[in-house]
2 protein chains.
Amino acid sequence: MTFAKLAVFTEHQQQIAKLAKALSHPARVAILEHLAKVGVCISGDIANELPLARATVSQHLQELKAAGLIKGTIEGQTVCYCIDPEGYQQLIDHLGGFTTNNKPTSCC
Amino acid sequence: MTFAKLAVFTEHQQQIAKLAKALSHPARVAILEHLAKVGVCISGDIANELPLARATVSQHLQELKAAGLIKGTIEGQTVCYCIDPEGYQQLIDHLGGFTTNNKPTSCC
DNA sequence: GTTGTATGACGCAAATATACGACACATTCG
DNA sequence: CGAATGTGTCGTATATTTGCGTCATACAAC
């Protein structure tokens, strides 16, 4: 994506982009919804629910973990995944900044 | 991105993905921040603020408009862009669903 | 009419994302 | 120990995104 000029953007902006990118794919949204609904976190369960290969699900889980939206803890043979509220809060806070600073009748 | 299996995902999920994708790029976040800060909406101004070509900015604006995060109205010679709070509210509402349904101590 | 400004559309090349199969590793059970 | 199960990683093919140059259009000023 030609991120040569990525350095010119604020860390703040990149942080938002990172969190948003984690949600920018229906598969990841589905994973999060499943986690939120079931609450249980076994990777295999997610792979069974979604029409995706285990490798793909594992990859998505990794990205979500990297973005800070989920946590993963090893639990013997299985791995436990669950939602990390901090990441959401962070994103929601950032989003709030756009709307609160908004000046409604400036021109439109 | 091999979206052959896209049909299996909920419209709800795809809507979130669409909104999130609009925020998944630092350039677009920068555009939105600029709009939120200045409140004025001339496309050329945005192109001057960012280290991107006008064509690129125009493209980003188009994507943001398609996602429903900004509005664009023609105003004589110039085009007026401003933030559309509805899109944000929609996204924030969706995000809230994840955290509220969260069962904290289910396994982690 | 001609020039300059403001915007958007088309097409291209490079970078990235996505999905998958196959393999390697750890743990549990017989 | 050997088999079975659950996970993660690696390499690869395809689809998409991204950024830019270039061109076409619309309007105002001279």
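Helices here are DSSP runs of H or I with at least four residues, and strands are runs of E with at least two, numbered from the N terminus. Keep in mind that this is a predicted model.

**Stop 1: chain A as a whole.** Show chain A as a cartoon and you should find five helices and two strands. Walk along from the N terminus and the elements come in the order α-α-α-α-β-β-α. Of the 108 residues in chain A, 44% count as buried. Switch to contacts: among those in chain A with a separation of 6 or more, 51% are between residues 24 or more positions apart. Then turn on the surface. Chain A exposes about 5,700 Å², with carbon and sulfur atoms supplying 52% of that area.

**Stop 2: a salt bridge in chain A.** Over all chains, the structure holds two salt bridges. Select R28(A) and E63(A) to see one of them, with their side chains meeting at 3.1 Å, N to O. R28(A) belongs to helix α2 and E63(A) to helix α4 (residues 54–67), so this pair ties together parts of chain A that are 35 residues apart in sequence. Which partner is buried, and which is partly exposed? R28(A) is the buried one, at 6% relative accessible area, while E63(A) is partly exposed at 37%.

**Stop 3: over to chain B.** Now pick R28(B) and E63(B), whose side chains also form a salt bridge (3.0 Å, N to O). Here R28(B) sits in helix α2 (residues 26–38) and E63(B) in helix α4 (residues 54–67), so the pair links parts of chain B that are 35 residues apart in sequence. R28(B) is buried, with 6% relative accessible area, whereas E63(B) comes out as partly exposed at 38%.

**Stop 4: a buried glutamate.** Stay in helix α2 of chain B and select E33(B). This residue is buried but has no salt bridge; K37(B), the nearest side chain of opposite charge, is 7.6 Å away. A salt bridge needs a side-chain nitrogen of Lys or Arg within 4 Å of a carboxyl oxygen, so that distance does not qualify. What does the side chain of E33(B) make a polar contact with? Add Q13(A) to your selection: the two side chains are in polar contact at 2.7 Å.

**Stop 5: a nonpolar patch.** Finish back on chain A by selecting V38(A), V40(A) and I42(A), which form a nonpolar surface patch with about 200 Å² of accessible area together. V40(A) lies in the loop between α2 (26–38) and α3 (43–49), and this valine is partly exposed, at 40% relative accessible area.

Note on methods. Residues numbered from 1 in each chain as written. Chains lettered and ligands numbered in written order. Predicted model: local features only at pLDDT ≥ 70, side-chain atom pairs only at ≥ 80, totals over all residues. Heavy atoms only, no water. Patch = residues over 30% accessible without salt bridge, like charges linked within 9 Å, V, L, I, M, F, W, Y side chains within 5 Å. Areas by Shrake-Rupley, 256 points an atom, 1.4 Å probe, with all protein chains shown as cover. Buried < 20%, exposed > 50% of the residue type's maximum accessible area, 1.4 Å probe, protein only. Lys, Arg positive; Asp, Glu negative; His and termini not counted. Polar contact = N/O pair within 3.5 Å; in protein donor to acceptor, adjacent residues only side chain to side chain. Contact = heavy atoms within 4.5 Å.
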